[in-house]
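Reader: I am new to this structure and should like to understand the terms used to describe it. Please set each term against its definition.

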Amino acid sequence: MTPAKYDVLGIGNAIVDVIARTDEAFLAREGLAKGSMSLIDEARAETLYGMMGPAIEASGGSAANTLAGLGSFGGRAAFVGRVKADPLGQAFRHDITAVGVDFDTPAAPDGVSTARCFVLVTPDGERTMSTYLGACQALSVDDIDEAAVKSSKVVYLEGYLWDPPAAKEAFRKAAALAHEAGRKVALTLSDSFCVDRYRAEFLALLRDGDVDILFANDSELKALYETGDIDAAVEAVARDAKLAAVTLGAEGCVIVQGDERIRVPAAPVDGEIVDKTGAGDLFAAGFLYGYTNDLDLKRAAELGSLAAAEVISHVGARPQVDLRSLAQGRGLL
Ligand SMILES: OC[C@H]1O[C@H](O)[C@H](O)[C@@H]1O
């Protein structure tokens with residue numbers, strides 16, 4: 001196999017987050033299920049924005065957050081996703097390339113605007129997201145660069161890609177190309193409601209061997225197997241997935257490979273939990289950095305836990321410190 005250019009090539013929705021604090025009463029009034037991601041249209045996006053308190057805008061998007069984290073660890077990453085040639089699209093491109101991630105997907109010159117995710121953060125740090133997909137809906141198979149995919153150790157795909165109509169074909173093409181080249185395919189389940197929408201397809205991807213590494217949090221995994229029992233869900237995923245990294249919030253994580261279970265505690269958070277947005281994305285960043293740089297699974301999970309703890313200590317889903325230095329300071333690299 002030829003040497004890889006990238007550790008990870010990620011394909012995902014290119015989104016700018018609009019983040020504001022809120023309270024439980026607002027969520028209830030607006031019919032928003034706490035902790036979930038729901039899709040909204042442009043009219044609803046404008047209404048919601050009008051009702052939100054003071055907000056900050058910051059680049060987001062689940063897979064993009066993961067790649068930004070991977071870059072911060074010193075990994076080599078590329079992103080595929082669609083923005084429009086508008087100010088938010090330019091900001092998204094600036095932020096991801098500024099952390100060293102290659103992003104060559106051209107911006108759509110016209111049509112709907114760059115995607116926005118309205119992130120409402122309650123006092124307990126939980127985030128509730130409403131996403132207007134905008135320009136992401138134009139992502140298609142034509143955006144998949146065969147050479148880049150084949151030259152990446154891992155192709156990382158977000159479950160949210162099942163929402164924009166043409167993106168799942170891009171997803172399937174990238175996965176097939178990666179396997180043709182002897183590379184690995186990773187999938188994050190993204191959100192328990194997303195799992196509810198596409199459960200059968202996600203299970204088929206696992207059972208057909210289209211996915212080599214699965215990322216899920218406890219609610220996503222329980223949704224996948226339609227059980228309230230996380231231990232039962234872990235045993236089920238052990239049968240279906242070659243390798244799974246399951247995050248369990250304050251309980252840390254468990255890495256599942258055949259009969260092996262590697263449990264790693266949550267890393268301590270510096271101060272209080274401010275905003276849980278991006279916790280799973282940054283866990284995946286650390287894990288994939290370790291995995292693609294030949295560290296053992298336990299160390300990879302420790303890097304994931306460290307990155308997740310950093311991102312929930314502040315507002316926004318991208319790291320605010322150099323993760324490589326942080327990991328070196330903790331003796332993990
Ligand atoms: O996982 C968090 C991300 O999901 C949504 O896609 C938001 O953009 C946010 O940054």
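Reader: Which residues of helix α9 (residues 230-240) are buried?

Author: In α9, Ala233, Val234, Ala236, Val237, Ala238 and Asp240 are buried; the term requires under 20% relative accessible area, with a 1.4 Å probe and protein chains only. The model is predicted: local features need pLDDT of at least 70, side-chain atom pairs count only at pLDDT 80 or more, and totals for chains, interfaces and linings use all residues. Residues are numbered from 1 along each chain as its sequence is written, and side-chain values use heavy atoms, with hydrogens and water left out.

Reader: What covers the buried residues of α9?

Author: The cover includes α7 (192-207), α8 (218-224) and the strands β11 (213-217), β12 (243-247), β13 (253-257) and β14 (260-264). Contact here means heavy atoms within 4.5 Å. Helices (H or I, at least four residues) and strands (E, at least two) are DSSP runs, numbered from the N terminus.

Reader: What makes Asp281 a polar contact of the ligand?

Author: A polar contact is a pair of N or O atoms within 3.5 Å; within protein, one must be able to donate a hydrogen and the other to accept it, and residues adjacent in sequence count only if both atoms are side-chain atoms. A polar side-chain atom of Asp281 lies 2.6 Å from a ligand oxygen, so the pair meets the limit of 3.5 Å.

Reader: Which elements give two or more residues to the shell around the ligand?

Author: They are β2 (15-21) and α3 (62-72).

Reader: What caps the N-terminal end of α9?

Author: Asp229 does, with a side-chain oxygen 2.9 Å from the backbone nitrogen of Asp231.

How values were computed
Buried < 20%, exposed > 50% of the residue type's maximum accessible area, 1.4 Å probe, protein only.
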